[in-house]
Amino acid sequence: MATLGFTLTFWAWDLIAPLATGYKDRLGLSSVQQSLLVAIPVLVGSVGRIPVGALTDRYGARLMFPLVSALTVVPVLLLVVVKDDYVPLLAVALLLGLGGTTFAIGVPLVNSRFPPGRRGFALGVFGMGTGGVARSGYFTPRMAAHGENLPFYVVAAALAGYAALAAALITDRPDRAVSTVSLATRLRRAGGLRITWELSALYAIGFGGVVAFGVYLPTYLKTWYALTPTDAGARAAGFALVTVVFRPLGGRLSDRFHPALVTAVALAVVALFAVVQAFDPPIAPVATIALLAMAAGLGAAGGSVFALVSQVTPQAQVGSVTGIVGAVGGLGGFVPPLVMGGIYSAKGSYSIGFMLLSDLALAGCVYAYGRMRTQRPDPDR
């Protein structure tokens, strides 16, 4: 149920991006206005995970999952009303960011319902809900071709149905640790934990890399390898699919080995193949292999980092810490495309950008192995 809800709300979260070209043409938007329209839900959804995670610690997923799913129906339907007016559309895009916050509800729910030896795989399966973005990219424009409002009605109906199911079927663990302090206090305590920011840094590399490639990979393939938009989109979809598949694999390996070790190996793979890609190899087969290997490493790292969250975070603070870590990870994906675009404009090459990615991944690898590998589950677990 958590994975289904995560998938549907992430689909809703990404409803605007696949239709952005249509909005640009119909409303006469500039590239900056189009980018702002696409970016607002993502930014709000990322930052919104912080308070939603803290609220989940207090009130539980039994309340929060159906509530957030039901509330997300409102901006989805409002997209039908405001589609021809840019300023109201921006306001609705702001509300649509709510759909991106369910990550911080599902992680503490899944974490509490599974024993330590199965949490990594369970969290990895839950993380496959990020594939909702890929589903939106594929299905939303195709539904819109049969009726411009059809995707909004379909997603709104799916969310409403899911909210009813979630209210009936989702239950919190009866003995779950419940935080009784105020929201501000919970966030301050979570932000005061060193482990919160260590996990945030690792997740910013792993999931941030996934977001960055999802945003920028089609542009890179079209610009550097002169692929058609269709071919570039298909290859980018393959990249996204590999990250989704390898996320539960990273979690499953974290059940057998320390998740910090899995994270270190995954980031080492990313570092190695980023260097390979920095030498601008031909698209077939070397670049394809390098990009898919990086996708596998980034996906596995995303799964293993949250297995690490479940081990080293106090049970009553899992939601709050997850909110902060998830927010940093989501926001971390917006810096690399800007850097890659700036480097290409200045140097006419992407090689420096891939070398920077390699350096960052290698730093994360060393830190995960040297520092995080010594962390152990809390005694009360």
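# Reading salt bridges, a pocket and the backbone

Visitor: Which residue forms a salt bridge with arginine 371, and how far apart are the closest N and O atoms?

Guide: Arginine 371 pairs with glutamate 198 in a salt bridge, and the closest N and O atoms are 2.7 Å apart. This is a predicted model, and the distance should be read with that in mind. The two partners belong to distant parts of the chain, with arginine 371 in the segment after α17 and glutamate 198 in helix α11, 173 residues apart. Salt bridges that share partners join Arg194, Glu198 and Arg371 into one network.

Visitor: Is glutamate 198 buried or exposed, and what is the state of arginine 371?

Guide: The general idea is that a residue counts as buried under 20% relative accessible area and as exposed over 50%, with partly exposed in between. Glutamate 198 has a relative accessible area of 6%, so it is buried, whereas arginine 371, with 25%, is partly exposed.

Visitor: How many salt bridges does a search of the whole structure find?

Guide: The search of the whole structure finds four. One of them is between arginine 26 and aspartate 84, where the closest N and O atoms are 3.0 Å apart. Arginine 26 lies in helix α2 (residues 20–27) and aspartate 84 in the loop between α4 (61–81) and α5 (86–96), so this pair ties together parts that are 58 residues apart in sequence. Arginine 26 counts as partly exposed, because its relative accessibility is 39%.

Visitor: Which residue does lysine 83 meet in a salt bridge?

Guide: The side chain of lysine 83 meets that of glutamate 148, at 2.7 Å from N to O. This pair, too, links distant parts of the chain, since lysine 83 is in the loop between α4 and α5 while glutamate 148 is in the loop between α8 and α9 (150–169), 65 residues apart. Lysine 83 has 13% relative accessibility and therefore counts as buried, whereas glutamate 148, at 45%, counts as partly exposed.

Visitor: Let us turn to the pockets. What volume does the second largest pocket have, and which residues are the closest to its centre?

Guide: The volume of the second largest pocket is about 410 Å³. The pocket is lined by 20 residues, of which Ala212, Pro336, Met340, Leu357 and Leu360 are the closest to its centre.

Visitor: Which helices each supply at least two residues of that lining, and what is its make-up by class?

Guide: The helices α11 (194–224), α16 (335–347) and α17 (351–370) each supply at least two residues, and the largest share, nine residues, comes from α11. By class, the lining of the second largest pocket has 16 nonpolar and four polar residues, and no charged ones.

Visitor: How should the backbone angles be read, and which value does phi take at alanine 226?

Guide: The general idea is that most residues other than glycine have a negative phi, and that most peptide bonds are trans. At alanine 226, phi is near 55°, a positive value in a residue other than glycine. Alanine 226 lies in the loop between α11 and α12 (229–256), and its relative accessibility is 65%, so it counts as exposed. Aspartate 280, although not a glycine, also has a positive phi, of about 55°. The place of aspartate 280 is the loop between α13 (259–278) and α14, and with a relative accessible area of 26% it is partly exposed.

Visitor: Which residues does the cis peptide bond join?

Guide: The cis bond joins alanine 284 and proline 285, with omega about 0°. Proline 285 is found in helix α14, which covers residues 283–312.

Visitor: What surrounds a buried residue, and which residues does serine 136 touch?

Guide: Serine 136 lies in helix α8 (residues 131–144) and counts as buried, because its relative accessibility is 0%. Not counting residues up to four places away in sequence, serine 136 touches Trp11, Asp14, Leu15, Pro18 and Pro141. A polar atom of the serine 136 side chain lies 3.1 Å from the backbone oxygen of aspartate 14.

Visitor: Which residues is threonine 263 in contact with?

Guide: Leaving aside neighbours within four places in sequence, threonine 263 is in contact with Ser304, Val305 and Ala368. Threonine 263 lies in helix α13, and at 1% relative accessibility it counts as buried.

Note on methods
Residues numbered from 1 in each chain as written. Predicted model: local features only at pLDDT ≥ 70, side-chain atom pairs only at ≥ 80, totals over all residues. Heavy atoms only, no water. 1 Å grid on protein atoms, 1.4 Å probe; cavity = no way out; pocket = protein on both sides within 12 Å on 5 of 7 lines; lining within 4 Å. Points joined across faces, edges and corners; volume = space filled by probe spheres on them. Helix = DSSP H or I, 4+ residues; strand = E, 2+ residues; numbered from the N terminus. Nonpolar A, V, L, I, M, F, W, Y, C, P; charged D, E, K, R; others polar. Buried < 20%, exposed > 50% of the residue type's maximum accessible area, 1.4 Å probe, protein only. Polar contact = N/O pair within 3.5 Å; in protein donor to acceptor, adjacent residues only side chain to side chain. Contact = heavy atoms within 4.5 Å.
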